[in-house]
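Subject: Structure for your review

Dear colleague,

Please find below the structure that I am handing over to you. A summary of the findings follows it.

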Amino acid sequence: MTTALAWFRRDLRLSDNPALCAALENHQNVIPVFIHAADEPVAWQPGAASRWWLHHSLVALDGQLQAQGSRLVIRSGRDSLECLRTLIAETGATQVYWNRQYEPQHIARDKAIKSSLRDALIEVDTFNAGLLYEPRSISKKDGGPFRVFTPFWKACLKTGLPVVDCLAPEQMPAVDSRIAGESVDTLDLLPTIPWDSDFPASWQPGETGAQEKLQAFIDGGVTDYEDNRNRPDYAGTSMLSPHLHFGEISPRQVVQTVSEFADRAVQPGVIANTEAFIRQIGWREFAHHLLYHYPHTSNRPLDTRFDKFPWRKDYADDLRAWQRGATGIPIVDAGMRELWHTGWMHNRVRMIVASLLVKNMLIPWQAGAAWFLDTLVDADLANNTLGWQWSAGCGADAAPWFRIFNPVTQAGKFDPHGHYIRRWVPEIAALPNKYLASPWTAPAEVLASCNLQLGRDYPAPRVDLKVSRATALERFQSIRNNPRTPPDPA
DNA sequence: TGAAATGTTGGGGCG
DNA sequence: ACGCCCCAACATTTC
């Protein structure tokens with residue numbers, strides 16, 4: 001009888017979980033473990049929304065394991081290695097299995113754990129469960145990392161889309177009742193003030209919820225994704241991001257299921273266009289590729305011209321207004337309130353609110369990135385870093401610095417009927433469409449007829465879009481000739 | 001996965 | 001019939 005630990009981290013699922021499969025294949029006793037080591041030096045501590053999700057995801061995983069005759073052993077402590085050592089001593093385990101993580105601090109931590117365990121004659125085996133293509137497996141012809149999405153994604157697709165590794169186990173060995181575990185509640189992941197009351201309406205954390213979201217997306221609109229994906233007033237996106245972040249579903253499962261649907265659905269006159277959606281999974285791959293190869297970019301711009309960008313310093317009030325959805329610019333406030341109430345924001349709106357913060361308000365992108373990491377249920381260091389550096393124009397393959405969104409124009413294009421704004425900014429819902437996205441342009445009699453007074457019922461805009469745009473262009477002009485990140489050796 | 005300024009074209013009103 | 005102007009629609013350039 002040999003015993004192994006299956007260490008769950010960002011892979012909170014039973015299907016397509018190669019570490020779990022390998023453990024069950026090679027050992028009679030397999031103990032599923034989750035370690036809560038909140039003090040470990042990682043790049044960012046999961047925010048409140050993320051912790052809410054983790055709580056419910058752990059409950060779901062434990063429930064699934066119990067249904068198979070096993071259970072999740074939860075431990076908390078100062079660091080993961082210490083907890084693993086204790087568990088190894090208690091259980092007599094000879095081997096530890098886990099699926100790899102790719103954030104710089106996680107790589108360093110796992111490397112140290114692996115070598116310590118091997119020094120103690122404990123075997124370690126690790127797997128890829130979280131990405132289609134691990135960062136080192138894709139490179140340019142010269143061996144260097146990609147910096148531009150399109151050639152990166154072409155190189156990925158050339159190697160083929162991977163398929164799922166293994167199915168969920170049918171049943172699992174029971175965990176000896178003498179092995180103690182903490183309850184999820186003792187991890188203290190849930191908020192003390194109940195700001196999360198709206199979350200359950202939007203989300204069902206866990207593997208079942210993830211599978212249901214994927215199926216609903218396939219049934220409801222993957223083929224119209226390309227047309228609808230920019231419309232925050234529709235449910236046109238998959239909303240799989242938090243499930244993917246916590247590994248409740250794998251990108252392999254997503255692309256395989258979507259591809260199988262496309263193969264089935266193709267009939268004369270019907271073309272299942274799933275390529276646009278799968279390309280978005282590719283952006284997630286690209287984000288992880290970039291953070292792996294440029295690990296400093298979660299804090300610092302990749303484009304070194306931006307190292308000395310003249311950001312504003314006295315921005316605390318504007319930042320707070322942005323965070324609270326009180327900028328006076330409706331599409332921005334709608335997005336920030338959606339984020340606060342649901343832990344999520346439509347990606348089109350993420351770009352709009354980011355552009356306003358960074359370019360119109362001249363607030364450093366890191367401040368926006370930190371708020372997103374704290375409030376998003378899909379908070380993910382790699383994806384968040386790519387998104388913010390893209391928006392600020394200082395990243396790889398980024399939006400050019402002169403690309404400044406006009407939130408009024410964007411609202412007109414992507415929320416043409418004003419459904420999204422009215423849902424999240426109800427105090428101006430009575431305004432006619434013509435003025436809904438820019439209440440400050442409404443004639444006095446229109447405001448009066450809606451019983452609306454700017455500055456009383458809804459804020460006056462905190463920035464003048466035209467003036468702040470011109471100022472941003474000037475500031476970006478001032479760093480144009482700074483030394484730029486040297487391109488990769490050709 | 002921009003927006004605004006500037007340039008060009010062509011239809012229609014009008015003398 | 002013709003030139004002239006206006007202006008919407010579209011295209012190109014610039015930031």
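In this predicted model, residues I331, V332, G335 and M336 of helix α13 meet V349, I352, V353 and L356 of helix α14. By class, this contact between α13 and α14 has seven nonpolar residues, one polar residue and no charged ones. Helix α13 spans residues 330-342, and its axis lies 9 Å from that of α14, at an angle of about 115°. The crossing of α13 past α14 is left-handed.

A second helix pair is formed by α15 (residues 365-375) and α16 (residues 381-392), whose axes come within 10 Å and cross at roughly 145°. Here the crossing is right-handed. On the α15 side, the contact involves W365, G368, A369, F372 and L373, which meet N384, T385, W388, Q389, S391 and A392 of α16. The residues of this contact between α15 and α16 divide into six nonpolar, five polar and no charged.

The loop between α14 (347-360) and α15 contains L362. Although L362 is not a glycine, its phi is positive, at about 55°. L362 counts as buried because it has 20 C-beta neighbours inside 10 Å. A positive phi also occurs at D188, again a residue other than glycine, with a value near 65°. D188 lies in the loop between α5 (149-158) and α6 (199-202). With 13 C-beta neighbours inside 10 Å, D188 is therefore classed as partly exposed.

Turning to the interior, the largest nonpolar core has 126 residues, and the members that touch the most others are L5, A6, A23, V33, Y97, I331 and I421. Helix α2 (residues 48-67) supplies the largest share of this core, with eight residues. Residue I331 thus appears in two places: among those core members and in the contact of α13 with α14. As for A23, its contacts beyond the neighbours within four places in sequence are A4, A6, V30 and Y97.

Finally, the model includes DNA strand B, around which lie F149, W283, A399, F402, R403, F405, N406, T409 and Q410. The surface near DNA strand B divides into five nonpolar residues, three polar and one charged.

Yours sincerely

Note on methods. Residues are numbered from 1 along each chain as its sequence is written. Chains are lettered from A and ligands numbered from 1 in the order in which they are written. This is a predicted model: local features need pLDDT of at least 70, side-chain atom pairs count only at pLDDT 80 or more; totals for chains, interfaces and linings use all residues. Axes are lines fitted to C-alpha atoms, for helices over the stretch in contact, and angles run from 0 to 180 degrees between N-to-C directions. Helices (H or I, at least four residues) and strands (E, at least two) are DSSP runs, numbered from the N terminus. A crossing is left-handed if the near helix is turned anticlockwise from the far one by less than a right angle, and right-handed if clockwise. Two residues are in contact if their C-beta atoms, placed from the backbone, lie within 7 Å. Ala, Val, Leu, Ile, Met, Phe, Trp, Tyr, Cys and Pro count as nonpolar, Asp, Glu, Lys and Arg as charged, and the others, Gly among them, as polar. A residue is near a molecule or strand if its C-beta atom, placed from the backbone, lies within 6 Å of it. A nonpolar core is a set of buried Ala, Val, Leu, Ile, Met, Phe, Trp, Tyr and Cys residues joined through C-beta atoms within 7 Å. A residue is buried if 20 or more other C-beta atoms lie within 10 Å of its own, exposed if 12 or fewer, and partly exposed in between; C-beta atoms are placed from the backbone.
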